Amino acid sequence: SETTTTSPQAQPHERSRTGEELPLVRAVNVMKSFHGVEVLKGIDLDVHRGEVVVLLGPSGSGKTTFLRCINQLEEIDGGRIWVDGDLVGFREDGGHLHHLTDKQVAAQRRDIGMVFQRFNLFPHMTAVQNVMEAPIQVKGVGKKEAKARALELLEQVGLGDKPDSYPAQLSGGQQQRVAIARALAMDPKLMLFDEPTSALDPELVGEVLRVMRELANQGMTMIVVTHEMGFARDVADHVVFMDGGIVVEEGKPRDVIVNPKHERTRSFLQRMR
Ligand code: ADP
């Protein structure tokens, strides 16, 4: 099918000719409506390789929707998103956008890991089976190799002693760490986190944030929606404050969180304290 295009925008490969490093993610003027209500009103964002970007903002500001657009769980109504130089969801041809096939969409999504507020583990599978499943089913990795890698990843998230536990036998924090290991098993180039700790009891938040922090230290490119200000301040390279479907303010954590310029950012941060 064919969609009308919005005005042509700078493309990632145009920048590469200048010698500047390509962003891993580039979003330009991204728009999304639900039933005629504009939820994203033109979001621009560059995420460079190895960067951690934290999205902050009040409930309903469009943060989750934006993540879901990057991962093609929602289709955008305007603008463009590129991941690693590839236009997300579309192929461009003489100013027209054509939808990618389901197979091409699946191939793009394979390279992006996503961790949700709810852990979404397969309840009838053990921790290690949860982590092995996608590499075997989607990538055709052999069972033995997938299991070895899954055990390594469980070790990495601090669950080396729990491979045979079922989700119901694990705490929320442990389940969320399995979910992170499961996303990592696909060797994603980008990890999206949608409020990964907000469904957890307070005493379990730290263990999940610690795993995310280690992942950031290892150089993973991450976009994180969270209300954890300590994490944002300490781990983010770049903080984006969204409100009402626009980016109100963005910059280094010390600028956005410590010295916000905009009244809307200030009042949001005050409510967070
Ligand atoms: P945030 O993550 O910042 O809390 P969301 O992206 O979840 O914001 O939601 C932004 C707005 O879009 C909200 O008003 C929400 O009700 C609406 N919305 C999100 N998803 C849908 C959907 N699938 N259908 C209708 N409205 C939606």
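Which element gives the most to the lining of the largest cavity? In this predicted model, the element in question is H7, with three residues. The legends below take the cavity, the pockets, the ligand site and the annotated domain in turn.

**Figure 1. The largest cavity and its lining in the predicted model.** The count of cavities of 30 Å³ or more comes to one. The volume of the largest cavity is about 40 Å³. Its lining consists of Gln156, Val157, Ile180, Leu184, Val211, Glu214, Leu215 and Gln218. Two or more of these residues come from H6, and two or more from helix H7 (202-217). H7 is the element with the most, at three residues. By class, the lining of the largest cavity comprises five nonpolar residues, two polar residues and one charged residue.

**Figure 2. The largest pocket, with the residues that lie nearest its centre.** The space in the largest pocket amounts to about 560 Å³. A total of 21 residues line the largest pocket, and those nearest its centre are Arg109, Ile112, Met114, Ala134 and Met186. Four elements are named as suppliers of at least two lining residues each: helix H3 (102-110), strand S9 (112-115), helix H4 (127-139) and helix H6 (172-184). The lining of the largest pocket holds 13 nonpolar residues, together with four polar and four charged ones.

**Figure 3. The second largest pocket and its lining.** This pocket contains about 190 Å³ of space. Its lining is formed by 13 residues; Gln72, Glu75, Gly89, His99 and Val105 are the ones nearest the centre. Seven nonpolar residues, three polar residues and three charged residues make up the lining of the second largest pocket.

**Figure 4. The shell of residues around the ligand.** The ligand is surrounded by Phe34, His35, Val39, Pro58, Ser59, Gly60, Ser61, Gly62, Lys63, Thr64 and Thr65. Helix H2 (residues 63-70) contributes the largest share of this shell, namely three residues. The shell is divided by class into three nonpolar, seven polar and one charged.

**Figure 5. Polar contacts between the ligand and Gly60, Thr64 and Thr65.** For Gly60, a polar backbone atom is placed 2.7 Å from an oxygen atom of the ligand. For Thr64, the distance from a backbone N or O atom to an oxygen atom of the ligand is 2.8 Å. Thr65 takes part through its side chain, a polar atom of which is 2.5 Å from an oxygen atom of the ligand. The ligand taken alone exposes 560 Å², and 60% of that area is buried by the protein.

**Figure 6. The span annotated in UniProt as "domain: ABC transporter".** The annotation comes from an unreviewed UniProt entry, which lists residues 25-269 under this name. In the predicted model, the C-alpha atoms at the two ends of residues 25-269 are 27 Å apart. Helix accounts for 38% of the span and strand for 27%.

Key: Residues are numbered from 1 along each chain as its sequence is written. This is a predicted model: local features need pLDDT of at least 70, side-chain atom pairs count only at pLDDT 80 or more; totals for chains, interfaces and linings use all residues. Side-chain values use heavy atoms; hydrogens and water are left out. On a 1 Å grid over the protein atoms alone, a cavity is a set of points where a 1.4 Å probe fits but cannot get out, and a pocket is an open set with protein on both sides within 12 Å along at least five of seven lines; lining residues have an atom within 4 Å of a point. Grid points are joined across faces, edges and corners, and a volume is the space filled by probe spheres set on the points. Ala, Val, Leu, Ile, Met, Phe, Trp, Tyr, Cys and Pro count as nonpolar, Asp, Glu, Lys and Arg as charged, and the others, Gly among them, as polar. A residue is near a molecule or strand if one of its heavy atoms lies within 4 Å of it. A polar contact is a pair of N or O atoms within 3.5 Å; within protein, one must be able to donate a hydrogen and the other to accept it, and residues adjacent in sequence count only if both atoms are side-chain atoms. Accessible areas come from the Shrake-Rupley method with a 1.4 Å probe; for residues, only the protein chains shown count as cover. UniProt positions are given in the numbering used here, feature names are shortened, and annotations may be inferred rather than shown by experiment.
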